[in-house]
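Me: I am new to this structure and would like to understand how its descriptive words are justified. Could you take me through the reasoning step by step?

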Amino acid sequence: VASISTISELKTLIDSSKTDLLIFDLYADWCGPCKVLAPTYASLADQHHTNARFFRVNVDKSPDIAGAFGVRGIPYVVFVKEGKAVTALTGVNPRESYEKIIAACGNGVSTISCDQKLKS
């Protein structure tokens, strides 16, 4: 799991990822639910590193990134495919919720196929 802290890093990542699924965990150090999600997120990154690229963003240190994603609550996990946010989860969700999205939209899956799988 890599940390990013600037909007230019975010833009470079999104622009350079053709078919990769990028997953961003937006959190704050003081946030209790964020601390609950952190080990699950790290475990997902370990297990699914071939299907997605995982990043963390501290919203207190990078409010511009939080603003770019329209974050209204944290933790906020946003899934980006081919340059656009395909879905996001706010709060702590069951591990299966994250795994379902990774399976539907992982590396090599087209955005169209991802959208169709998420709607079904």
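The exchange below sets some descriptive words against the values behind them.

Me: What kind of model is this?
Reply: This is a predicted model, and the values discussed here are computed from it.

Me: Why is Asn58 called buried?
Reply: Asn58, which is found in strand S3 (residues 53–58), has a relative accessible area of 7%. Buried means under 20%, and therefore Asn58, at 7%, is called buried.

Me: What makes the link between Asn58 and Asp60 a polar contact?
Reply: The side chain of Asn58 reaches the backbone nitrogen of Asp60 at 2.9 Å. The distance cut-off for a polar contact is 3.5 Å, and the pair lies within it, so the distance condition is met. Leaving out residues up to four places away in sequence, Asn58 also touches Tyr27, Ala28 and Asp29.

Me: How do you know that Gly91 is buried?
Reply: Gly91 sits in the loop between strand S5 (84–90) and helix H4 (95–105), and its relative accessible area is 17%. Because the limit for buried is under 20%, a value of 17% places Gly91 in that class.

Me: What lies around Gly91 in space, beyond its neighbours in sequence?
Reply: Not counting residues up to four places away, Gly91 touches Pro75 and Tyr98. Gly91 and Ile74 are 17 residues apart in sequence, yet their C-alpha atoms are 5.9 Å apart in space.

Me: Why can the buried residues of helix H1 be said to line one face?
Reply: In H1 (residues 7–16), the residues Leu10, Leu13 and Ile14 are buried. Seen down the axis of H1, its buried residues fall within an arc of 95°, and so they line one face of the helix. An α-helix has 3.6 residues a turn, so residues three or four places apart point the same way. On the other side of H1, Lys11, Thr12 and Asp15 are exposed, while the cover over the buried residues includes strand S2 (21–27), S3, helix H3 (63–69) and strand S4 (76–81).

Me: Which residues touch the most other members of the largest nonpolar core?
Reply: Of the 21 residues in this core, Ile4, Phe24, Leu26 and Phe69 touch the most other members. The elements that give two or more residues to the core are H1, S2, S3, H3 and S4, and the largest share, four residues, comes from S2. Leaving aside neighbours within four places in sequence, Phe24 is in contact with residues including Ile4, Leu10, Leu13, Phe55 and Phe69.

Key
Residues are numbered from 1 along each chain as its sequence is written. This is a predicted model: local features need pLDDT of at least 70, side-chain atom pairs count only at pLDDT 80 or more; totals for chains, interfaces and linings use all residues. Side-chain values use heavy atoms; hydrogens and water are left out. Buried means under 20% relative accessible area, exposed over 50%, partly exposed in between (1.4 Å probe, protein chains only). A polar contact is a pair of N or O atoms within 3.5 Å; within protein, one must be able to donate a hydrogen and the other to accept it, and residues adjacent in sequence count only if both atoms are side-chain atoms. Contact means heavy atoms within 4.5 Å. The arc is that of the directions from the helix axis to the C-beta atoms. A nonpolar core is a set of buried Ala, Val, Leu, Ile, Met, Phe, Trp, Tyr and Cys residues joined through side-chain atoms within 4.5 Å.
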